[in-house]
Amino acid sequence: GEIGMNLNLYGHDGRWLMVDCGVTFEAKTDIDGEPVEGAQAHVQMADPQFIVDRKEQLDGLVITHAHEDHIGAVPYLWERFRCPIYTTAYTAEILRRKLAEAGLIKKVKVHVVEAHASRQIGVFNVQWIQLTHSIPDPFALLITTPVGKAFHTADWKLDSAPVVGEPYKEEDYARLAELGVDAMVCDSTNANVPGWSTSEATLYKGLKHHVEQAKGRVVVTCFGSNIARLRTVADIAKETGRHLGLLGRSLLNTYSAAKRVGLWNGIETFVDPHHLGFLPRDTVLLVATGSQGEPRTALNRLSQNSFRDIELEAGDTVIFSSKVIPGNELPIEALIERLKAM
């Protein structure tokens, strides 16, 4: 029932392979575990002591994708492991930025793996298998040793039209059935809910309709890592003749990372945030971080009139293009009430 701090270990013949190394955010307690109201969330990580005690036997760390709950603990914990890291291009780009902030960029060896590659990491053969998710470049792993095979999914959303990145291919998974997989290790939000998630491509029509109907500025809030959603909104901005602005550090970071590794092609309609307040309101379309009511994000600051470059006014429209992550209901509700009052 929890989301966050993924850290998995596979062992064979005295050797170990780590898959993912993420954080979670505890919103209801202070750093000592005491209940608090309205305080800033603090970061939590899995206790790594088991593998720290065996770090000489750790052959490597494989990261499946770039969400914080799978990658965010690496800058905090890597010094305890000091093992090589293996991941694909976009995830490696996000990781490098985190390592640079932590002063570790010259210490950590990051091996960039091609899609669908197979690598021998110590006693473990690891094959990368294409998935789709709400972030570019997610991969499942087939981990093979002389005594067995484990299929590790990480997070997934089986999307045949993902807008950004490669689609999920059913034949890749049908092929797994012929390989004698011994165990599937899987954990993804809402994985136990029957049915299929809506394809990213189907959101275009509904979002465009609401933008076309809006009279003033439009703010679309989504997860900062969702480059596909940003691409959809960028297309809509172009179609509706609006200037596109990005608000929020994480959004700007993931956009520039996607551009650097070739996942963003063509659409360059972004306006410098300093200029947005001077444009006619009905020509502005903003994408802002803060869909979960997080305290220091762009939308939260807009709701409190504390954003430096622009203020929302009566008649502007805010669209939540995101689900509610369990546990965030109260801050989201408070955020919506502040926006309604404006």
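Start by selecting Phe50: in this predicted model its relative accessible area is 37%, so it counts as partly exposed. Keep Phe50 on screen and add Arg54, which lies over the face of the Phe50 ring, 3.8 Å from the ring centre.

Now bring in Trp16. How do the rings of Trp16 and Phe50 meet? Their centres are 5.1 Å apart and their planes sit at 85°, so this is an edge-to-face pair. Colour by secondary structure and you'll see Trp16 in strand S2 (residues 15-19) and Phe50 in helix H1 (residues 49-52), so the pair ties together parts 34 residues apart in sequence.

For another ring pair, select Phe151 and Tyr173. With centres 5.9 Å apart and planes at 65°, these two are also edge-to-face, since planes over 60 degrees apart get that label. Phe151 belongs to strand S11 (residues 148-154) and Tyr173 to helix H5 (residues 170-176), so this contact links parts that are 22 residues apart in sequence. Buried or exposed? Both Phe151 and Tyr173 are buried. Add Tyr168 to the selection and you have one aromatic cluster of Phe151, Tyr168 and Tyr173. Across the model, the count of aromatic pairs comes to 4.

Next stop: helix H7, residues 227-240. Want a quick geometry check? At 1.5 Å a residue, its 14 residues should span 20 Å, and the end C-alpha atoms are 20 Å apart, so expectation and model agree. Switch on a surface: H7 is mostly covered, with 10 of its 14 residues buried. Among them are Ile227, Leu230, Val233 and Ile236, along with Arg229 and Arg231.

What do the buried residues of H7 pack against? Show these around the helix:

- helices H4 (89-101), H6 (203-213) and H8 (249-260)
- strands S13 (218-221), S14 (243-247) and S15 (284-288)

Before leaving, step just past the end of H7 to Gly241, where phi is positive, at about 70°.

Finish on S15, one of the strands that H7 packs against. All 5 of its 5 residues are buried. In a regular strand, side chains alternate between the two faces of the sheet. Here Val284, Leu286 and Ala288 are buried on one side, and Leu285 and Val287 are buried on the other.

Then show the backbone of the neighbouring strands. S13 runs parallel to S15, joined by 4 bridges, and Val220 has Val287 as its bridge partner. S14 also pairs with S15 in the parallel sense, over 5 bridges, and Leu247 stands opposite Ala288.

Note on methods. Residues numbered from 1 in each chain as written. Predicted model: local features only at pLDDT ≥ 70, side-chain atom pairs only at ≥ 80, totals over all residues. Heavy atoms only, no water. Helix = DSSP H or I, 4+ residues; strand = E, 2+ residues; numbered from the N terminus. Expected span 1.5 Å × (residues − 1). Buried < 20%, exposed > 50% of the residue type's maximum accessible area, 1.4 Å probe, protein only. Contact = heavy atoms within 4.5 Å. Pairing = 2+ DSSP bridges. Phe/Tyr/Trp six-rings, centres within 6.5 Å; stacked < 30°, edge-to-face > 60°. Lys NZ or Arg CZ within 6 Å of the ring centre and 35° of its normal.
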